[in-house]
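Got the viewer open? Keep the selection box handy and take the stops in order.

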Amino acid sequence: PKCSLPLTGVGVVKKIVTELAVIEVTAQGLVLRERAPGVTVEEIKKATAAKLTIPADVPEMQVFVSFV
């Protein structure tokens, strides 16, 4: 897919964090680094239009909740 909006920061994004995953932006493309608790790699692939490089081990994100 192509972006239909004006691009104002081409090449400045290094990491994408969503409710499903953490994806690293590299010169070779997008690399899946972490997945949200309970989310499978297959679910992330289905929800992502871009081609992802998927390492053999994609750990779950460590989620910390702090109550003040």
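Before you click on anything, one working rule: two strands count as paired if DSSP finds at least two bridges between them. With that in mind, select Leu 30 and then Leu 52 in β4: these two are bridge partners. They belong to the pairing of β3 with β4, which runs in the parallel sense over two bridges. What you have on screen is a predicted model, by the way.

**Stop 1: the whole chain**

Zoom out and switch to cartoon. You should find one helix and four strands, and walking along the sequence gives the pattern β-β-β-α-β. The C-alpha trace spans about 40 × 35 × 20 Å along its principal axes. How does the radius of gyration compare with that of a compact globule of 68 residues? The globule would come out near 11 Å, while this protein has 14 Å.

Turn on a surface if you like. About 5600 Å² is exposed, and carbon and sulfur atoms supply 59% of that area. Of the 68 residues, 18% count as buried. As for contacts with a separation of 6 or more, 32% of them link residues 24 or more positions apart.

**Stop 2: the sheet**

Now select the four strands. They form an open sheet in the order β1-β2-β3-β4, with mixed pairing. Look at the two edges: β1 (15-17) and β4 (52-53) each have a single partner strand, so one side of each has no neighbour in the sheet. As a reminder for reading the picture, strands of a sheet pair through backbone hydrogen bonds, either parallel or antiparallel.

Start at the β1 edge. β1 and β2 run antiparallel and are joined by three bridges. Pick Val 17 and you can hop across to its bridge partner in β2, Val 22. The connection from β1 to β2 is a hairpin through three residues.

Keep Val 22 selected and look towards β3, where its bridge partner is Glu 34. The β2 and β3 pair is antiparallel too, over six bridges. Another rung to pick out here is Ile 23, which stands opposite Leu 32 in β3. A hairpin through two residues takes you from β2 to β3.

**Stop 3: over the helix**

Next, select β3, helix α1 (residues 41-47) and β4 together. They make a right-handed β-α-β unit. Follow the ribbon from β3 through the helix and you end up at β4.

**Stop 4: the core**

Time for side chains. Select Ala 21, Val 22, Ile 23, Leu 30, Leu 32, Ala 36, Val 39, Ile 44, Leu 52, Val 58 and Met 61, and you have the largest nonpolar core, eleven residues in total. Colour it by strand: β2 (21-26) and β3 (29-35) each supply at least two of these residues. Which element gives the largest share of this core? That is β2, with three residues.

Center on Ile 23 for a moment. Leaving out residues up to four places away in sequence, Ile 23 touches Lys 14, Lys 15, Ile 16, Leu 30, Val 31, Leu 32 and Leu 52.

**Stop 5: Arg 35**

Move along to Arg 35, which is found in strand β3. Is this residue buried, exposed or partly exposed? Its relative accessible area is 21%, and buried means under 20%, so Arg 35 counts as partly exposed.

Show everything that Arg 35 touches, again skipping residues up to four places away: you get Leu 20, Ala 21, Val 41, Ile 44, Val 58, Pro 59, Glu 60 and Met 61. Draw a distance between the C-alpha atoms of Arg 35 and Leu 20. The two residues are 15 apart along the chain, and the line should read 5.9 Å.

**Stop 6: Gly 38**

Last selection: Gly 38, in the loop between β3 and α1. Its relative accessible area is 61%, and the exposed class begins over 50%, so Gly 38 counts as exposed. Setting aside neighbours within four places in sequence, Gly 38 is in contact with Glu 43 and Glu 60. Glu 60 was also on the list of residues that Arg 35 touches.

For a final distance, go from Gly 38 back to Ile 23. These residues are 15 apart along the chain, with their C-alpha atoms separated by 17 Å.

Note on methods: Residues are numbered from 1 along each chain as its sequence is written. This is a predicted model: local features need pLDDT of at least 70, side-chain atom pairs count only at pLDDT 80 or more; totals for chains, interfaces and linings use all residues. Side-chain values use heavy atoms; hydrogens and water are left out. A nonpolar core is a set of buried Ala, Val, Leu, Ile, Met, Phe, Trp, Tyr and Cys residues joined through side-chain atoms within 4.5 Å. Buried means under 20% relative accessible area, exposed over 50%, partly exposed in between (1.4 Å probe, protein chains only). Contact means heavy atoms within 4.5 Å. A crossover is right-handed if, with the strands pointing away from the viewer, the path from the first strand over the helix to the second runs clockwise. The radius of gyration is taken over C-alpha atoms; the globule rule is 2.2 Å times the number of residues to the power 0.38. Accessible areas come from the Shrake-Rupley method with a 1.4 Å probe; for residues, only the protein chains shown count as cover.
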